[in-house]
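Visitor: Walk me through this one, please. I'd like to hear how each label is earned.

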Amino acid sequence: MTAGKEDIAYRKQVVNEYKPDVERLIRYLPWLEEKAGSEVSANFTDSGIGENSIAFPVYDSTLMSFIKEVQRTKLLDRNYPYIYSRYRIRTVQDELRVIVSADITQMDVLKGILSKYVMGGMTKGKLWTEAVHNRVFWYVIRKMKENLEYWDVPM
């Protein structure tokens, strides 16, 4: 009987730990859903950039706000490659499968997937646009919200 109470206590602890951060991110869900499948960056090729210069990406301002907001949360995990190997996640389909099946005790998995794209995007900017295009950001944030609401009150 006490194992059940400890389990419920753990779930409440997870809610208390992550709810404030997830609440800050759920306001981006409508935008993430709207932008799914579309481009949220363009290469800067304005005046003075010649054919021998390197074009650089310019990101949608809402995407940059979302990335900065995630960086201010406890939802990033530098050890995200461990999550990918432990759960044998290799493709976007694997990521989406794991996201859909994750419950509140697997917030580390959701954090790992979010971290791969947010942190990896710092050096490989294409990851941010891929995560919007493939709906990975949308699925992760929505699943976090669902899991927390199941064990607490709706946000």
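Guide: This is a predicted model. Start with helix 6 and helix 7: their axes come within 7 Å and cross at roughly 140 degrees.

Visitor: What makes helix 6 oblique to helix 7?

Guide: The angle is roughly 140 degrees. Roughly antiparallel needs over 145, and roughly perpendicular covers 65 to 115. The value falls in neither range, so helix 6 counts as oblique to helix 7.

Visitor: Which residues make that contact?

Guide: Helix 6 brings Lys-116, Tyr-117, Val-118 and Gly-120, while helix 7 brings Leu-127, Trp-128, Glu-130 and Ala-131. By class, that's five nonpolar, one polar and two charged.

Visitor: How do you know that the length of helix 6 agrees with what a helix should span?

Guide: Helix 6 has 14 residues, and at 1.5 Å a residue they should span 20 Å. The end C-alpha atoms are 19 Å apart, so the two values agree.

Visitor: Why is helix 6 called largely enclosed?

Guide: Buried means under 20% relative accessible area. In helix 6, 12 of the 14 residues are buried, so the rest of the structure largely encloses it. Among them are Met-107, Val-109, Leu-110, Ile-113 and Leu-114.

Visitor: What does helix 6 give to the largest nonpolar core?

Guide: Eight residues, the most of any element. That core has 44 residues, and those with the most contacts inside it include Leu-63, Phe-66, Ile-113 and Phe-137. Leu-63, for one, touches Trp-31, Val-40, Trp-128, Val-132 and Phe-137, leaving aside residues up to four places away in sequence.

Visitor: Why is Thr-73 called buried?

Guide: Thr-73 lies in the loop between helix 3 and helix 4. Its relative accessibility is 12% and the cut-off is under 20%, so Thr-73 counts as buried. Thr-73 touches Asp-21 and Arg-24, again not counting residues up to four places away in sequence. Thr-73 and Arg-24 are 49 residues apart in sequence, yet 8.8 Å apart in space, C-alpha to C-alpha.

Visitor: Why is Arg-88 called exposed, and why is Arg-135 called partly exposed?

Guide: Exposed takes over 50%. Arg-88, in the loop between helix 4 and helix 5, has 58%, so it's exposed. Arg-135, in the loop between helix 7 and helix 8, has 25%; that sits between the 20% and 50% cut-offs, so it's partly exposed.

Visitor: What is phi for Arg-88 and for Arg-135?

Guide: Arg-88 has phi near 55 degrees, a positive value in a residue other than glycine. For Arg-135, phi is near 70 degrees, a positive value too, and that residue isn't glycine either.

Technical notes. Residues are numbered from 1 along each chain as its sequence is written. This is a predicted model: local features need pLDDT of at least 70, side-chain atom pairs count only at pLDDT 80 or more; totals for chains, interfaces and linings use all residues. Side-chain values use heavy atoms; hydrogens and water are left out. A nonpolar core is a set of buried Ala, Val, Leu, Ile, Met, Phe, Trp, Tyr and Cys residues joined through side-chain atoms within 4.5 Å. Buried means under 20% relative accessible area, exposed over 50%, partly exposed in between (1.4 Å probe, protein chains only). Helices (H or I, at least four residues) and strands (E, at least two) are DSSP runs, numbered from the N terminus. Contact means heavy atoms within 4.5 Å. The expected span of a helix is 1.5 Å times one less than its number of residues. Axes are lines fitted to C-alpha atoms, for helices over the stretch in contact, and angles run from 0 to 180 degrees between N-to-C directions. Angles under 35 degrees count as roughly parallel, over 145 as roughly antiparallel, 65 to 115 as roughly perpendicular and the rest as oblique. Ala, Val, Leu, Ile, Met, Phe, Trp, Tyr, Cys and Pro count as nonpolar, Asp, Glu, Lys and Arg as charged, and the others, Gly among them, as polar.
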